[in-house]
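Here is a short set of exercises to work through with the model open on your screen. Try each task yourself, then follow the solution step by step.

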Amino acid sequence: MLSRLFAPTVKVSAHCDLPCGVYDPAQARIEAESVKAIQEKYQANDDPHYRARATTIKEERAELAKHHVSVLWSDYFKPPHFEKYPDLHQLVNETLKALSAAKGSTDPATGQKALDYIAQIDKIFWETKKG
């Protein structure tokens, strides 16, 4: 009898952990834009102290971008998205690898490559929000 008393009376389901408004690839893009900007500033400055600080910040920003992409992959995207976009798993993997490469590099081309991948995820994300 107690189990019936405390049993839920309404069954609910949710697409994600919280209302979908909390997910947005813009968070990853902003961090990746910072990575690329820091790489460009690093190239333009010969001061070793500046470069050391820039490297630390770049690595932190790249890690944050990886975090935001991983959260989209694990918390937002669901099986119907992966069915509709069969290359999404590979795209996320390539994005994370590109962000790792940018984290370990001072070449702005690596930052741009990560941004290009994030733009592809962004496109898919907003397509999923339409329907």
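**Exercise 1. Find out how α3 and α6 are oriented relative to each other: roughly parallel or roughly antiparallel.**

Keep in mind that this is a predicted model.

Step 1. Start with the geometry: the axes of α3 and α6 lie 12 Å apart and make an angle of about 30 degrees.

Step 2. Apply the cut-off, by which angles under 35 degrees count as roughly parallel. α3 and α6 are therefore roughly parallel to each other.

Step 3. Look at the handedness; this crossing of α3 and α6 is left-handed.

Step 4. Pick out the side that each helix offers. From α3 come Val-69, Leu-72 and Tyr-76, and they meet Ile-118, Ile-121, Phe-125, Thr-128 and Lys-129 of α6.

**Exercise 2. Determine how α5 packs against α3 and against α6.**

Step 1. Take α3 and α5, whose axes are 9 Å apart at an angle of about 170 degrees.

Step 2. Angles over 145 degrees count as roughly antiparallel, so α3 and α5 are roughly antiparallel to each other.

Step 3. List who takes part. On the α3 side, the contact includes Lys-58, Ala-62, Ala-65, Val-69 and Trp-73, and on the α5 side it includes His-89, Val-92, Leu-96, Leu-99 and Lys-103.

Step 4. Now turn to α5 and α6: the angle is about 155 degrees, and the axes are 8 Å apart. These two helices are therefore roughly antiparallel as well, and their crossing is left-handed.

Step 5. Residues of α5 in this contact include Leu-88, Leu-91, Ala-98 and Ala-102, while those of α6 include Thr-110, Ala-114, Tyr-117 and Ile-124.

**Exercise 3. Describe α3 and α6 one at a time: their lengths, their buried residues and what covers those residues.**

Step 1. α3 runs over residues 48–76, which is 29 residues. From first C-alpha to last, α3 reaches 41 Å, close to the 42 Å expected.

Step 2. The buried residues of α3 are Ala-54, Lys-58, Ala-62, Ala-65, Lys-66, His-68, Val-69, Leu-72 and Tyr-76. Their cover includes α2, α4, α5 and α6.

Step 3. α6 has 23 residues and reaches 33 Å, close to the 33 Å expected.

Step 4. Buried residues of α6 include Pro-108, Gly-111, Leu-115, Ile-118, Ile-121 and Phe-125. What covers the buried residues of α6 includes α2, α3, α4 and α5.

**Exercise 4. Which residues do Glu-31 and Ala-32 touch, not counting residues up to four places away in sequence?**

Step 1. Glu-31 lies in helix α2, and so does Ala-32.

Step 2. Use the cut-off for burial, which is under 20% relative accessible area. Glu-31 is buried because its value is 13%, and Ala-32 is buried because its value is 1%.

Step 3. Beyond four places in sequence, Glu-31 touches Arg-61, Leu-64, Ala-65 and His-68. The C-alpha atoms of Glu-31 and Leu-64 are 6.6 Å apart, although 33 residues separate the two along the chain.

Step 4. With the same sequence limit, Ala-32 touches Ala-65, Leu-99, Leu-115 and Ile-118. Ala-32 and Ile-118 are 86 residues apart along the chain, with 8.5 Å between their C-alpha atoms.

**Exercise 5. Is Tyr-23 buried or exposed?**

Step 1. Locate Tyr-23 in the loop between α1 and α2.

Step 2. The relative accessibility of Tyr-23 is 8%, so this residue counts as buried.

Step 3. Check a distant partner: Leu-72 is 49 residues away from Tyr-23 in sequence, but the two are 6.8 Å apart in space, C-alpha to C-alpha.

**Exercise 6. Step back to the whole protein and judge where the prediction is less certain.**

Step 1. Count the elements: six helices and zero strands.

Step 2. Note the burial: 33% of the 131 residues are buried.

Step 3. Consider contacts between residues at least 6 apart in sequence; 73% of them join residues at least 24 apart.

Step 4. Read the confidence. The mean pLDDT is 90, with 83% of residues at 70 or more. Over residues 12–16, however, pLDDT stays under 50, and the model has eight contacts beyond four places in sequence for that stretch.

Methods
Residues numbered from 1 in each chain as written. Predicted model: local features only at pLDDT ≥ 70, side-chain atom pairs only at ≥ 80, totals over all residues. Heavy atoms only, no water. Helix = DSSP H or I, 4+ residues; strand = E, 2+ residues; numbered from the N terminus. Expected span 1.5 Å × (residues − 1). Buried < 20%, exposed > 50% of the residue type's maximum accessible area, 1.4 Å probe, protein only. Contact = heavy atoms within 4.5 Å. pLDDT = per-residue confidence, 0-100. Axes fitted to C-alpha atoms, helices over the stretch in contact; angles between N-to-C directions. Parallel < 35°, antiparallel > 145°, perpendicular 65-115°, else oblique. Left-handed = near helix turned anticlockwise from the far one by under 90°.
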